[in-house]
Structure formats: structure tokens, C-alpha cells
Amino acid sequence: MDCLFCKIIAGDMPSDTVYEDERIKAFYDIAPQAPVHVIIIPKNHICCADEICSENSADIAYIFEKIPHIAKLAGITNGYRIINNCGEDGCQSVKHIHFHILGGAKLSERMA
């Protein structure tokens with residue numbers, strides 16, 4: 001598979017890991033949009049939010065259960081923003097569902 005995030009999971013591409021277990025991996029974004037910018041991915045390849053279904057929704061729920069812990073590990077202490085981009089118009093650059101945690105400073109109220 002030619003998926004960047006699957007290569008990161010397999011260890012074929014480097015990443016600065018914040019958290020990893022048998023189901024997910026969290027690592028620092030290489031082009032941060034905030035003082036702290038972490039990407040969280042399921043190890044099970046799901047293309048995008050449009051492909052969440054009853055067979056894989058537990059992976060997504062698990063990510064959200066782990067987000068508070070991952071944010072703390074990354075040093076985020078006063079709140080954060082969670083972002084998911086879906087599809088071309090949503091600017092999804094890697095076709096493997098992922099969630100961005102942005103924090104480490106007061107973020108702009110503007111979302112776009």
C-alpha cells in the first residue's frame with residue numbers, strides 16, 4: 001500500500017511518536033499549525049470520515065477516548081482543538097483518516 005501513514009505505522013517512515021499502542025499511533029506533525037500539533041491515526045487503514053462504519057467505528061471512538069491522555073503527554077494543559085479533514089475539498093492530504101490536536105497556546109477563533 002502506498003499510504004504514508006501506513007508506512008509510519010510499519011516503521012518504514014520516521015515519526016516523532018507521542019503515544020502508541022496496539023490500535024493507534026500519535027506523533028508530532030512535521031509542519032505544525034500551532035505550538036503543539038499532534039496527529040493521531042488508527043492502525044487499521046480507514047480512508048476518511050466517509051468510510052467510518054459499524055465495522056470500524058470502535059477505532060474512532062478509541063481515538064477520542066485517548067485524546068485527553070495524548071494531549072497531556074504532548075504538554076497541552078489548557079485546552080486544544082481537534083480537526084479532521086475529509087476529501088479533496090476538505091484538504092485531506094493523506095488518505096488515511098487522522099485527527100489533528102492543536103494546542104499549546106490560545107488559538108484563533110477563526111476556523112478557516
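## Surface and overall dimensions

How much area does the chain expose, and what share of it do carbon and sulfur atoms supply? In this predicted model, the exposed area comes to about 6600 Å², and carbon and sulfur atoms supply 51% of that area. Of the 112 residues of the chain, 38% count as buried.

The C-alpha trace spans about 35 × 30 × 25 Å along its principal axes. Among contacts in the chain with a separation of 6 or more, 55% are accounted for by residues 24 or more positions apart.

## Secondary structure and compactness

The chain contains two helices and five strands. Read along the sequence, these elements follow the pattern α-β-β-β-α-β-β. The radius of gyration of the chain is 13 Å, close to the 13 Å given by the globule rule for 112 residues, so the chain is as compact as a globular protein of that length.

## The sheet

The five strands form an open sheet with antiparallel pairing, in the order 1-2-3-5-4. Strand 1 (17-20) and strand 4 (80-83) stand at the edges; each has a single partner strand, so one side of each is left without a neighbour in the sheet. On average, and with direction ignored, neighbouring strands of this sheet are turned by 20° against each other.

At one of these edges, strand 1 pairs with strand 2 (residues 24-28) in the antiparallel sense. Three bridges make up this pairing. Within the same region of the sheet, glutamate 20 stands opposite lysine 25 in strand 2.

## Cysteines and the absence of disulfides

A disulfide is a covalent bond between the sulfur atoms of two cysteines. How many disulfides does a search of the whole structure find? The search returns zero.

Two cysteine pairs show why particular sulfur atoms are not counted as bonded, given that a disulfide requires cysteine sulfur atoms within 2.5 Å. For cysteine 6, the closest cysteine sulfur is that of cysteine 3, at 3.7 Å, which is too far for a bond. For cysteine 86, the closest cysteine sulfur belongs to cysteine 48; the distance of 4.0 Å is again too far for a bond.

Is cysteine 86 buried, partly exposed or exposed? Its relative accessibility is 26%, so cysteine 86 counts as partly exposed.

Technical notes. Residues are numbered from 1 along each chain as its sequence is written. This is a predicted model: local features need pLDDT of at least 70, side-chain atom pairs count only at pLDDT 80 or more; totals for chains, interfaces and linings use all residues. Side-chain values use heavy atoms; hydrogens and water are left out. Two strands pair if DSSP finds at least two bridges between them. Helices (H or I, at least four residues) and strands (E, at least two) are DSSP runs, numbered from the N terminus. Axes are lines fitted to C-alpha atoms, for helices over the stretch in contact, and angles run from 0 to 180 degrees between N-to-C directions. The radius of gyration is taken over C-alpha atoms; the globule rule is 2.2 Å times the number of residues to the power 0.38. Buried means under 20% relative accessible area, exposed over 50%, partly exposed in between (1.4 Å probe, protein chains only). Contact means heavy atoms within 4.5 Å. Accessible areas come from the Shrake-Rupley method with a 1.4 Å probe; for residues, only the protein chains shown count as cover.
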